[in-house]
Amino acid sequence: MTITRIASALLLSLALLAAASPVLAQAQPDISVRQEANQTLREYRVNGKLYAIKVEPKDGSAYFLVDRNGDGNFERQGGGNVEIPGWVR
C-alpha cells in the first residue's frame, strides 16, 4: 500500500514539474546587444515582448529604461538589474 502511495506521489510530482517547466523557461529573458556611437544597448525580451533596455554610455553610469505596464512608455531606473514585469509573462 505504501509503495502505491509513493509511486502516486512521484507521478504527481513529475506531472506538476512538467506543467511548470514552460513557465520556468519563460523567466529567462532573451538579450539582444546593439552598439551605437557612444553607448551599448541591451534589449531584454520575454516571449518576444520588449520590457527593458539597459543603456551603457561610454562615459557615465549605466541605467535601465523599463516598460512597467506594457503600454510602450519606458521609465528610467537605476540599479544593477530589473525584475520581469507581470504583463510580460
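This is a short walk through one protein model, from its fold to its core and its rings.

Okay, so first off, keep in mind that what's on the screen is a predicted model. We've got 89 residues in the protein, with one helix and five strands. If you read along the sequence, the helix comes up and then the strands follow, so to speak, as α-β-β-β-β-β.

How much of it is buried? Buried residues come to 21% of the 89. On the surface side, the protein exposes about 6400 Å², and 55% of that is supplied by carbon and sulfur atoms.

What about contacts along the chain? Take the ones between residues at least 6 apart in sequence: 15% of those join residues at least 24 apart.

Now, the core. Which residues make up the largest nonpolar one? There are nine of them: Tyr44, Val46, Tyr51, Ala52, Phe64, Val66, Val82, Ile84 and Val88. Three strands, β2 (39-46), β3 (49-57) and β4 (63-66), each put at least two residues into this core.

Some of those names come back when you look at the rings. The count of aromatic pairs comes to two, and ring pairs tie Tyr44, Tyr51 and Phe64 together as a cluster. Tyr44, Tyr51 and Phe64 are also on the list for the largest nonpolar core.

One last thing for the force-field people. Where does Arg76 sit? Over the face of Tyr63, at 3.7 Å from the ring centre. Tyr63 falls within β4 (63-66), one of the strands I mentioned for the core.

That's my tour, thanks.

How values were computed:
Residues are numbered from 1 along each chain as its sequence is written. This is a predicted model: local features need pLDDT of at least 70, side-chain atom pairs count only at pLDDT 80 or more; totals for chains, interfaces and linings use all residues. Side-chain values use heavy atoms; hydrogens and water are left out. Helices (H or I, at least four residues) and strands (E, at least two) are DSSP runs, numbered from the N terminus. Buried means under 20% relative accessible area, exposed over 50%, partly exposed in between (1.4 Å probe, protein chains only). Contact means heavy atoms within 4.5 Å. Accessible areas come from the Shrake-Rupley method with a 1.4 Å probe; for residues, only the protein chains shown count as cover. A nonpolar core is a set of buried Ala, Val, Leu, Ile, Met, Phe, Trp, Tyr and Cys residues joined through side-chain atoms within 4.5 Å. Rings of Phe, Tyr and Trp (its six-membered ring) pair if their centres lie within 6.5 Å; planes under 30 degrees apart count as stacked, over 60 as edge-to-face and the rest as tilted. A charge sits over a ring if NZ of Lys or CZ of Arg is within 6 Å of the ring centre and within 35 degrees of the ring normal.
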